[in-house]
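Trainee: I would like to go through this model with you step by step, beginning with the chain as a whole and then turning to single residues. Could you put it on display before we start?

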Amino acid sequence: MNVGRSLGYGLGGALVVAGIAGLVVDARLTDPLGWALWFGGLIVAHDGVLVPVVLLAGVAVGRLREPSPVRAGLTVAAVLSLVALPMVAGIGRRADNSSLLPLDYGRNLLVVLGLIALVTALTMIALRLRRSRRRG
């Protein structure tokens, strides 16, 4: 194994151990059970929802003749959704401050995802027209 990789794994493992030790040592301040539930939920969401969706999308896109624009559109949509998810979920919104997260982020995300789908479809059409002109 590469020495740099081993060093990176060792340092990363040490940081994980230090973080867990900090959670346990300061348990009255850090709520280790809350962290464990959050982390467990994250694992379930990743393995139970995200991975199957990505695999199904990969299979569907792999069957297309021209997957490049679709792959690009799916990548942009996925990254945008990941960034927007905390706002859509309202994380950080407070009842006593209406200026925090004042917009309808769920609707806005759907609008932007629709625009991404539209641009992807138009790109696919443009590529097909361009190829048909070259052939004919």
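Mentor: Before we speak of surface, note that accessible areas come from the Shrake-Rupley method with a 1.4 Å probe. Keep in mind as well that this is a predicted model.

Trainee: With that settled, about how much area does the protein chain expose, and what share of it do carbon and sulfur atoms supply?

Mentor: The protein chain has 136 residues, of which 10% count as buried. Its exposed area comes to about 10900 Å², and the share supplied by carbon and sulfur atoms is 71%.

Trainee: Which pattern does the protein chain follow when read along the sequence?

Mentor: The protein chain contains 5 helices and 0 strands. Reading along the sequence therefore gives helices alone, since strands are at 0. The pattern is α-α-α-α-α.

Trainee: What is the radius of gyration of the protein chain, set beside that of a compact globule of 136 residues?

Mentor: Along the principal axes, the C-alpha atoms fill a box of roughly 75 × 55 × 25 Å. Within the protein chain, 43% of the contacts with a separation of 6 or more join residues 24 or more positions apart. A compact globule of 136 residues would have a radius of gyration near 14 Å, whereas the value for the protein chain is 22 Å.

Trainee: How far apart do the centres of the positive and the negative side chains lie?

Mentor: The protein chain carries 14 positive side chains and 6 negative ones. Taking the centre of each of these two sets, the distance between them is 23 Å.

Trainee: Turning to aromatic residues, how are the rings of Trp35 and Trp38 arranged?

Mentor: The structure holds 1 aromatic pair. The ring centres of Trp35 and Trp38 lie 5.9 Å apart with their planes at 75°, and since planes over 60 degrees apart count as edge-to-face, that angle decides the class. Both residues belong to helix H3 (residues 32–62), where a spacing of 3 residues separates them by about one helical turn, and Trp35 is partly exposed at a relative accessible area of 45%. The arrangement is edge-to-face.

Trainee: Where does Asp31 sit, and what is its phi near?

Mentor: Asp31 lies in the loop between helix H2 (27–30) and H3, and it counts as partly exposed at 47% relative accessibility. Most residues other than glycine have a negative phi. Asp31, though not a glycine, has a positive phi, near 55°.

Trainee: Is Leu101 buried or exposed?

Mentor: Leu101 is found in the loop between helix H4 (67–88) and H5, and it has a positive phi of about 50° although it is not a glycine. Its relative accessible area is 19%, and because the cut-off for that class is under 20%, Leu101 is buried.

Trainee: Ser98 has its place in that loop between H4 and H5 too; how far is Ser98 from Thr123 in space?

Mentor: Ser98 is exposed, with a relative accessible area of 65%. In sequence, Ser98 and Thr123 are 25 residues apart. From C-alpha to C-alpha, their distance in space is 40 Å.

Trainee: In helix H5, which residues is Thr120 in contact with, leaving aside its neighbours within four places in sequence?

Mentor: Thr120 is buried, with a relative accessible area of 16%. Leaving those neighbours aside, the residues in contact with Thr120 are Pro69, Val70 and Gly73.

Trainee: How far apart in space are Leu118 and Gly73?

Mentor: Leu118 is found in helix H5 (residues 105–135) and counts as partly exposed, at 47% relative accessibility. In sequence, Leu118 and Gly73 are 45 residues apart. Their C-alpha atoms are separated by 9.4 Å.

Trainee: Finally, how far apart in space are Val3 and Ala77?

Mentor: Val3 is found in helix H1 (residues 3–25) and is exposed, with a relative accessible area of 68%. Val3 and Ala77 are 74 residues apart in sequence, and their C-alpha to C-alpha distance is 37 Å.

Key
Residues numbered from 1 in each chain as written. Predicted model: local features only at pLDDT ≥ 70, side-chain atom pairs only at ≥ 80, totals over all residues. Heavy atoms only, no water. Helix = DSSP H or I, 4+ residues; strand = E, 2+ residues; numbered from the N terminus. Rg over C-alpha atoms; globule rule 2.2 N^0.38 Å. Buried < 20%, exposed > 50% of the residue type's maximum accessible area, 1.4 Å probe, protein only. Contact = heavy atoms within 4.5 Å. Lys, Arg positive; Asp, Glu negative; His and termini not counted. Charge placed at Lys NZ, Arg CZ, Asp CG, Glu CD. Phe/Tyr/Trp six-rings, centres within 6.5 Å; stacked < 30°, edge-to-face > 60°.
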